[in-house]
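The following exercises are to be worked through with the sequence and the model at hand. Each task is followed by a solution in steps.

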Amino acid sequence: MAKILVVEDEYAISQVLKAYLKKVGFDVVQCFNGGQALDIFQKVQPDLVLLDIMLPEKNGWFILKEIRECSSCPVIMLTALGDVNNRLEGFDQGADDYIAKPFIADEVVARVKAVLRRAEGSYRSSEIKRFGELEIDMKGHRVLLKGEEIILTPRDLSVLLFLAEHPNQTFTRDQLIDQVWGWEYEGSDRAVDLAVKRLRKVLKEWDEEEGEIKTLRGLGYQLSVHKK
């Protein structure tokens, strides 16, 4: 079963999360101090991180940045800062989901399962899609540009995989949320814009004559490709 790292300085909350996660079969590792989070993360290699924002020594934003520099492991932010701007900041930095306190533990478990399902991917095609120098392994969930592997968060990877499965087709924000984020997603549709923004940044060396992630004003986004 998947291993979950819970980074939460409030002991009672951490214990409740641990109990509920273990009840459904997850292996749980706890961390109560932001300064120790990255070391524990690298040591245990979790399948998913539940990460509080307000932590001693290092806050959750800084830890998320450290994780994203070395891993695409799914991260769900846990915080009392529940306004839209904080949610968008989390998604912009590569968080996969965001749960505001106070929360119901059963909901956290459901979100963990949903994010893990997305990370595992639902694509059955074994085909490697090539768009010029961009190569996407649909089954292996690997992306290479000019022979160099690109590390993406599970959410951003899922967006790219879906668009690559349907090249030159346009999808609205709502359609992408339904296909990638899932029906249980309750956040802003701007999360789609932020995911596309990050994808464009990492694909900036992709020759525009081969393809690009295009915005069709009033319609949505598409992976517009010219060479396959």
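**Exercise 1.** Determine which residues of helix α6 are buried in this predicted model, and state how far the helix reaches from its first C-alpha to its last.

*Solution.*
Step 1. Helix α6 comprises residues 154-165, twelve residues in total.
Step 2. A residue counts as buried when its relative accessible area is under 20%. The residues of α6 that are buried are Pro154, Arg155, Asp156, Leu157, Ser158, Val159, Leu160, Leu161, Phe162, Leu163 and Ala164.
Step 3. Because eleven of its twelve residues are buried, α6 is largely enclosed by the rest of the structure.
Step 4. From first C-alpha to last, the helix reaches 16 Å, close to the 16 Å expected at 1.5 Å a residue.

**Exercise 2.** Describe the sheet that contains β6, β7, β8 and β9, and establish how α6 is placed relative to β6, β7 and β8.

*Solution.*
Step 1. The strand order is β6-β7-β8-β9, and these four strands form an open sheet with antiparallel pairing.
Step 2. The edges are occupied by β6 (128-131) and β9 (148-150); each has a single partner strand, so one side of each is left without a neighbour in the sheet.
Step 3. From one strand to the next, the twist averages 25°.
Step 4. Strand β8 (residues 142-145) is joined to β9 by three bridges, and the two run antiparallel. Within β9, Glu149 is the residue opposite Leu144.
Step 5. Helix α6 lies across β6, β7 (134-137) and β8, and runs at about 100° to β7.

**Exercise 3.** Locate Asp52, decide whether Asp52 is buried or exposed, and list the residues that Asp52 touches.

*Solution.*
Step 1. Asp52 belongs to strand β3, which covers residues 48-52.
Step 2. Its relative accessible area is 3%, so Asp52 is buried.
Step 3. Leaving aside residues up to four places away in sequence, Asp52 touches Val7, Glu8, Asp9, Gly60, Leu78, Thr79 and Lys101.
Step 4. The UniProt record, an unreviewed entry, places the feature "modified residue: 4-aspartylphosphate" at Asp52.

**Exercise 4.** Place Glu210 between its flanking elements, assess whether Glu210 is buried or exposed, and identify the side chain with which Glu210 makes a polar contact.

*Solution.*
Step 1. Glu210 is found in the loop between α8 (190-202) and β10 (211-216).
Step 2. With a relative accessible area of 10%, Glu210 is buried.
Step 3. The side chain of Glu210 is joined to that of Trp206 by a polar contact of 3.2 Å.

Definitions and conventions
Residues numbered from 1 in each chain as written. Predicted model: local features only at pLDDT ≥ 70, side-chain atom pairs only at ≥ 80, totals over all residues. Heavy atoms only, no water. UniProt positions renumbered as here; feature names shortened; annotations may be inferred. Buried < 20%, exposed > 50% of the residue type's maximum accessible area, 1.4 Å probe, protein only. Contact = heavy atoms within 4.5 Å. Expected span 1.5 Å × (residues − 1). Polar contact = N/O pair within 3.5 Å; in protein donor to acceptor, adjacent residues only side chain to side chain. Pairing = 2+ DSSP bridges. Axes fitted to C-alpha atoms, helices over the stretch in contact; angles between N-to-C directions.
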